[in-house]
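Have a look at the sequence and the fold first, and spin the model around a bit. Then we can walk through it together.

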Amino acid sequence: MHDVNRCIRAVGLEGLSPPIFYQCPVALRFEIGDPALGPYDGGRLSSVYSAGALLRAKTLFEALPGRFDRLVWDTYPQEGQAARQLRAFRRRAGAPAPQEEVFQILQGEEAVQKVTYCWDLVCQPIQWEVLLGEIIAADLGGFAPLASSVYFLNTRENILYHLYDDRGLDIAAEKRESLLPLYRQFSAWLLPYDWGRMEETFGTR
């Protein structure tokens, strides 16, 4: 987890806790699902909406410089369910066993178990396109533990990609120059609500 933790700190985070966008000095927030299409059509999940959201997520994933070399999944399984949830994740992502597993007990009003899994994507490639599709479906009747919990990291360029559900995607980086091409090329997909904050960082200088 050393490279992961170094990358997280480099983009301005103390830990992986969404929303990423508001914690990082250099970040973009994209609207992934087209609200004009609506996620449901006649009470059923709209295949047009899902396909459009996946296309945006894939396009931005591939447009970033370098390659993602780490995958992190944070999950909060109920007692005795960690192994079952991991099997479900691996099946959906076409992933091998994780390279690292970190188990924690978080103390609050009630003790909660948190498990962080990490994959080295150079040594352990996964079906990342399939995983993006599963994340998009997580809140729409899919595998709910994927929502807001999966992170791709490029530890060479210090870039973090967080597709949190069918609606949105946060991308953070150490350097403004890493994300400036996306800001210019895909400005129509930027979330209007946070436009002012992104303009301050990426606007013409």
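What follows goes from the overall chain to its salt bridges, then to one helix and a surface patch.

Keep in mind that this is a predicted model. The secondary structure adds up to six helices and nine strands. With a radius of gyration of 17 Å, close to the 17 Å that the globule rule gives for 205 residues, the chain is as compact as a globular protein of that length. If you want box dimensions, the C-alpha trace spans about 50 × 45 × 40 Å along its principal axes. For a feel of those distances, take E199 and Q85: they sit 114 residues apart along the chain, and their C-alpha atoms are separated by 40 Å.

How much of the chain counts as buried? The figure is 48% of the 205 residues. On the outside, the chain exposes about 10400 Å², with carbon and sulfur atoms supplying 48% of that area. The contact pattern is worth a glance too: among contacts with a separation of 6 or more, 67% are between residues 24 or more positions apart.

Now for the charges. Side chains of opposite charge can pair when their charged atoms come close. A search of the whole structure turns up eight salt bridges. One of them pairs R70 with D120, at 3.4 Å from N to O. This pair links distant parts of the chain, since R70 belongs to strand β4 (residues 70–75) and D120 to strand β6 (residues 112–120), 50 residues apart. Are these two partners buried or exposed? R70 has a relative accessible area of 12%, so it is buried, and D120, at 9%, counts as buried as well.

Next, look at E134 and R92, whose side chains meet in a salt bridge at 3.5 Å, N to O. Here E134 lies in helix α4 (residues 128–137) and R92 in helix α3 (residues 82–93), so the bridge ties together parts that are 42 residues apart in sequence. E134 has a relative accessible area of 23%, which makes it partly exposed. R92 is also at 23% and counts as partly exposed.

A third bridge joins R167 and D165, with the closest N and O atoms 2.5 Å apart. Its two ends sit in contrasting surroundings: R167 counts as exposed because its relative accessibility is 51%, while D165 is buried because its relative accessible area is 2%. Beyond single pairs, D3, D69, R70 and D120 are joined into one network by salt bridges that share partners.

Let's move to helix α6 (residues 195–202), where the buried residues are M198, T201 and F202. Viewed down the axis of α6, these buried residues fall within an arc of 80°, so they line one face of the helix. That fits a familiar bit of geometry: an α-helix has 3.6 residues a turn, so residues three or four places apart point the same way. What do the buried residues of α6 pack against? Their partners are β1 (27–31) and α5 (176–185). E199 has its place in α6 as well, but with 34% relative accessibility it counts as partly exposed.

Finally, turn to the surface, where Y76, L106 and V112 form a nonpolar patch with about 250 Å² of accessible area together. L106 is found in strand β5 (residues 100–106). Its relative accessibility is 33%, so L106 counts as partly exposed.

Conventions:
Residues are numbered from 1 along each chain as its sequence is written. This is a predicted model: local features need pLDDT of at least 70, side-chain atom pairs count only at pLDDT 80 or more; totals for chains, interfaces and linings use all residues. Side-chain values use heavy atoms; hydrogens and water are left out. Patches are made of residues with over 30% relative accessible area and no salt bridge: like charges are joined within 9 Å, nonpolar side chains (Val, Leu, Ile, Met, Phe, Trp, Tyr) within 5 Å. Accessible areas come from the Shrake-Rupley method with a 1.4 Å probe; for residues, only the protein chains shown count as cover. A salt bridge is a side-chain nitrogen of Lys or Arg within 4 Å of a carboxyl oxygen of Asp or Glu. Helices (H or I, at least four residues) and strands (E, at least two) are DSSP runs, numbered from the N terminus. Buried means under 20% relative accessible area, exposed over 50%, partly exposed in between (1.4 Å probe, protein chains only). The arc is that of the directions from the helix axis to the C-beta atoms. Contact means heavy atoms within 4.5 Å. The radius of gyration is taken over C-alpha atoms; the globule rule is 2.2 Å times the number of residues to the power 0.38.
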